[in-house]
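Visitor: Hi! Could you walk me through this one?
Guide: Happy to, let's have a look together.

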Amino acid sequence: MMDVNFDVNKILQERLAASLGLIQYKTIIDKVKNVDVSKDPDFQRSYNGFYLVRCNEQWRREYYTLFENVKHKDITFGEIITELYHKTGNIEASFSSKMLATINPEKPIWDRYVLQNLSLKIIGSTQEAKLNNAIQLYHDIELWYETFLHTIKAEECLAAFDKALPDYKWISDIKKIDAILWSIR
């Protein structure tokens, strides 16, 4: 007969955590301050997998060098995206926000699902206009989170998250809401 002495809540929590990528996220957050992210292949592999980094080696070298250089600084989204633009020629709003949110988990992530759920879209007829618009849109995302986190719906979301995932209560409120928004596709 099968041993039925197992913790169903723990099993379900770990399955949910895995589906949201929270196990990978914990690994990234635990390592980011303690390794040289520009040289640590394990960190980069985890980060690339979690955030779906599919860029070429030269791009990744620029990205992780910048990441290592700024991870202990009080840096802004605007500074990161502008520096990446100068280094790669690309407007990397999503990857800029992911770098920032890894350095400071109190900052939101920019991804297509968040933009879609907040009805935001990058615009501009030139690269510079798009860059400036991206910086403004990120500010708009920050304002949305600031407002939303003071609502009853946010309290409901956070309570449900903590109930379903008690071992992940340490995650910032913004990251919890981000995980929920990311799940609404």
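Guide: First a definition: a charge sits over a ring if NZ of Lys or CZ of Arg is within 6 Å of the ring centre and within 35 degrees of the ring normal. This is a predicted model, where local features need pLDDT of at least 70, side-chain atom pairs count only at pLDDT 80 or more, and totals for chains, interfaces and linings use all residues. Residues are numbered from 1 along each chain as its sequence is written, and side-chain values use heavy atoms, leaving out hydrogens and water.

Visitor: OK, so what sits over the ring of tyrosine 25?
Guide: The charged end of lysine 175 does, 4.8 Å from the ring's centre.

Visitor: And how many aromatic pairs are there?
Guide: The structure has 20 (rings of Phe, Tyr and Trp, its six-membered ring, with centres within 6.5 Å; planes under 30 degrees apart are stacked, over 60 edge-to-face, the rest tilted). Tyrosine 25 and phenylalanine 50 have ring centres 5.9 Å apart and planes at 40°, so that pair is tilted.

Visitor: Are those two buried or exposed?
Guide: Both tyrosine 25 and phenylalanine 50 are buried, meaning under 20% relative accessible area, with exposed over 50% and partly exposed in between (1.4 Å probe, protein chains only).

Visitor: New topic: what does alanine 101 touch?
Guide: Leaving aside residues up to four places away in sequence, alanine 101 touches Lys107, Pro108 and Ile109, where contact means heavy atoms within 4.5 Å. Alanine 101 is buried too, at a relative accessible area of 5%.

Visitor: How far is alanine 101 from lysine 175 in space?
Guide: They are 8.6 Å apart, C-alpha to C-alpha, though 74 residues apart in sequence.
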